[in-house]
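Q: Could you take a single part of this structure and go through it closely with me? I am in my first year, so please connect the points step by step.

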Amino acid sequence: MTSLLFRSRLVLCAALAMLALPVVAKPLKVGFAQTGAESAWRTANTNSMKSEAEKRGIELKFADGQGKQENQIRAIRSFVAQRVDAIVLAPIVETGWDPVLREAKRAGIPVILTDRTIQTADESLYACFIGSDFYEEGRMAADWLAKKVGGKGSIVELQGTPGSAPANERRRAFADALSKHPGLKIVDSQSGDFRRAGGKEVMEAFLKKHGRSITVVYAHNDDMALGAVQAIEEAGLKPGTDVVIVSIDAIKEAIQAVVDGKINCTVECNPLFGPKVYDTVAKLLAGKPIDRKSFNKDELFDSSNAAAVIASRQY
Ligand code: GZL
């Protein structure tokens, strides 16, 4: 056999062997710009995103925004430069995102909003939203409270991060629902920034200013409610008895406080949606249809059901 014929057969065999090699898909690369680490809810949400990525072999580039929008914007720019396959953003506030989302769009990298929404005139800047319905949570809290206190009460409100979708929506929904109950009045409202220390500090100030006239605390999240519980106890009052406390998130520690009678009600805002996010990323990249908005199921916990669920709570 001539050497030319031999060499060409060798090349052919090598080429066929290459074709037979299993093609090892490169791992999906996802950039996640998280708001920060302000609350137990946030920790649970971050853990869900990280553990699910690991389970699926996804290369997750995680950026902790440390409570600042500019850090999240910087992280998104970095994800674009690294040519990730998709960007997930939990926007700390609702506005100011268009320029950086336009950069991601120009780079052809899809953006999924999780947890919180944004305000934009250009709906093409993100593919979808996955999270909870904050307005519904505020309504559920208000309706539960009206029944609990017979439509009468002097309420102080611990607001979440100023400008954030959960703070805006939970405040709006609660106020809308209260319009049906003229005997329920919000006498003071201030941000504790979703932090436990913030909730305690603001509640201490409210107690100094309003004393025993306060009959209800409405907290936009459990970390602030638990801070308020500390402040109320340090003032010599009984949280859950002298002051009714209604909150949102349903973290395990708050449900335990419901069992202990220190918080009266917490409305769930489930943070464990890592699996849903990555399922959506996979569909998006495969060109399959996805829901524009996908709301997590949230339920309410009070003395009627908290003890029955506490053992099974995951966050
Ligand atoms: C709600 C989330 C809020 C939680 C807080 O989806 O954005 O931020 O209610 C968290 O606990 O800090």
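A: A word on domains comes first: the bounds of each domain used here come from an automatic or database domain assignment. The model is a predicted one, and its protein chain is divided into domain 1, which takes in 29–132 + 271–296, and domain 2, which covers 134–269. Taken over C-alpha atoms, the centres of domain 1 and domain 2 are separated by 29 Å, and the contact takes twelve residues from domain 1 and 17 residues from domain 2.

The part to look at closely is the set of spaces that both domains help to line. The largest pocket, with a volume of about 240 Å³, draws at least three of its lining residues from each of domain 1 and domain 2. Its lining consists of 14 residues, and those nearest its centre are Glu 94, Thr 117, Ile 118, Glu 169 and Lys 293. Helix α5 and strand β11 (293–295) each supply at least two residues of this lining, which by class has six nonpolar, three polar and five charged residues.

Besides this pocket there is an enclosed space to consider, for a search of the whole structure finds one cavity of 30 Å³ or more. The volume of this largest cavity is about 90 Å³, and of the 13 residues that line it, Trp 41, Arg 42, Arg 116, Arg 170 and Asp 249 are the closest to its centre. Two or more lining residues come from each of α2 (40–56) and α6, and the lining as a whole divides into five nonpolar, two polar and six charged residues. Because domain 1 and domain 2 both give residues to this lining, the largest cavity lies between them.

Helix α6 deserves a longer look, since Arg 170, which is one of the residues closest to the centre of the cavity, is also among the buried residues of α6. This helix runs through residues 165–178 and reaches 20 Å from its first C-alpha to its last, close to the 20 Å expected at 1.5 Å a residue. Its buried residues, including Ala 173, Phe 174 and Ala 177, pack against α5 (134–148) and also against the strands β6 (153–159), β7 (184–191), β8 (216–219) and β9 (244–249).

The packing against α5 can be followed down to one residue, Asp 143, which is found in helix α5. With a relative accessible area of 17%, Asp 143 counts as buried, because buried means under 20%. Leaving aside residues up to four places away in sequence, Asp 143 touches Ala 177 and Lys 180, and Ala 177 is itself one of the buried residues of α6.

Conventions: Residues numbered from 1 in each chain as written. Predicted model: local features only at pLDDT ≥ 70, side-chain atom pairs only at ≥ 80, totals over all residues. Heavy atoms only, no water. Helix = DSSP H or I, 4+ residues; strand = E, 2+ residues; numbered from the N terminus. Expected span 1.5 Å × (residues − 1). Buried < 20%, exposed > 50% of the residue type's maximum accessible area, 1.4 Å probe, protein only. Contact = heavy atoms within 4.5 Å. 1 Å grid on protein atoms, 1.4 Å probe; cavity = no way out; pocket = protein on both sides within 12 Å on 5 of 7 lines; lining within 4 Å. Points joined across faces, edges and corners; volume = space filled by probe spheres on them. Nonpolar A, V, L, I, M, F, W, Y, C, P; charged D, E, K, R; others polar.
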